[in-house]
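Biologist: I am new to this structure and would like a close look at a single part of it. Could you choose one strand, tell me how it fits among its neighbours, and follow the thread from there?

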Amino acid sequence: DASLSNVFEFSGAMTANVTSVTITNASAGQTISIRVKQDGTGSRTVADPTGAKILGDVGPTLSTASILTLTYSSMDSRWEGSWTPLPA
């Protein structure tokens, strides 16, 4: 629910691929960040929110985090953004 915050963090490291991401209650021009972290296996994937245009992918390196930064375009009714893998 984007109306609750602009920063979101998955609790704990991913232990499987994330097969869906749903973001509700966006407002025009709103920017949010979503932080995820690979577990000790690494190479987990994260599905893009439906209709979103996103550059890049979550970083695959084990035990490292990545941040997905998204801005909501009311003109195109979609989230737009990119992944930033963080250094180990």
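Modeller: Gladly! Read along the sequence, the protein chain follows the pattern β-β-β-β-β, with 5 strands and 0 helices. Both kinds of element are DSSP runs numbered from the N terminus: a helix is H or I over at least four residues, and a strand is E over at least two. Please keep in mind that this is a predicted model, in which local features need pLDDT of at least 70 and side-chain atom pairs count only at pLDDT 80 or more, while totals for chains, interfaces and linings use all residues. Residues are numbered from 1 along each chain as its sequence is written, and side-chain values use heavy atoms, with hydrogens and water left out.

Let us choose β2, which covers residues 31-37. Its side chains alternate: I32, I34 and V36 point to one face and are buried, while T31, S33, R35 and K37 point to the other face and are not. Here buried means under 20% relative accessible area, exposed means over 50%, and partly exposed is in between, using a 1.4 Å probe and protein chains only. Across the 88 residues of the protein chain, 32% count as buried.

Now for the neighbours of β2. Two strands pair if DSSP finds at least two bridges between them. Strand β1, residues 7-9, runs parallel to β2 and is joined to it by 3 bridges. Within that pairing, F8 has I34 as its bridge partner. V7 also sits in β1, and V7 counts as exposed because its relative accessibility is 59%. The C-alpha atoms of V7 and T31 are 8.9 Å apart, although 24 residues separate the two along the chain.

β2 is also joined to β4, this time by 7 bridges and in an antiparallel arrangement. V36 is bridged to S66 in β4, and K37 stands opposite A65. Beside that pairing you can find T64, in the loop between β3 (53-55) and β4 (65-73). T64 counts as buried because its relative accessibility is 8%. Beyond residues up to four places away in sequence, T64 touches V36, K37, Q38, L86 and A88, where contact means heavy atoms within 4.5 Å. The T64 side chain also reaches the backbone oxygen of T61 at 2.7 Å. That is a polar contact: a pair of N or O atoms within 3.5 Å, where within protein one must be able to donate a hydrogen and the other to accept it, and residues adjacent in sequence count only if both atoms are side-chain atoms.

From β4 we can step across to β5. These two strands run antiparallel, joined by 8 bridges, and T71 has E80 as its partner in β5. They form a hairpin with 4 residues between them, and S77 in the turn has a positive phi of about 50°.

The buried face of β2 leads us to the core. The largest nonpolar core has 17 residues, and those touching the most other members are I23, I34, V36, V46, L70, W79 and W83. Such a core is a set of buried Ala, Val, Leu, Ile, Met, Phe, Trp, Tyr and Cys residues joined through side-chain atoms within 4.5 Å. β2, β4 and β5 (78-85) each supply at least two residues of this core. With neighbours within four places in sequence set aside, the contacts of L70 include I32, I34, I54 and W79.

W79 brings us to one more detail. The whole structure holds 1 aromatic pair, formed by Y72 and W79 in an edge-to-face arrangement, 5.2 Å centre to centre with 65° between the planes. Rings of Phe, Tyr and Trp (its six-membered ring) pair if their centres lie within 6.5 Å; planes under 30 degrees apart count as stacked, over 60 as edge-to-face and the rest as tilted. W79 is buried at 6% relative accessible area, and Y72 is buried at 18%.

Finally, past β2 comes the loop leading to β3, where D39 is found. The side chain of D39 reaches the backbone nitrogen of G42 at 3.1 Å.
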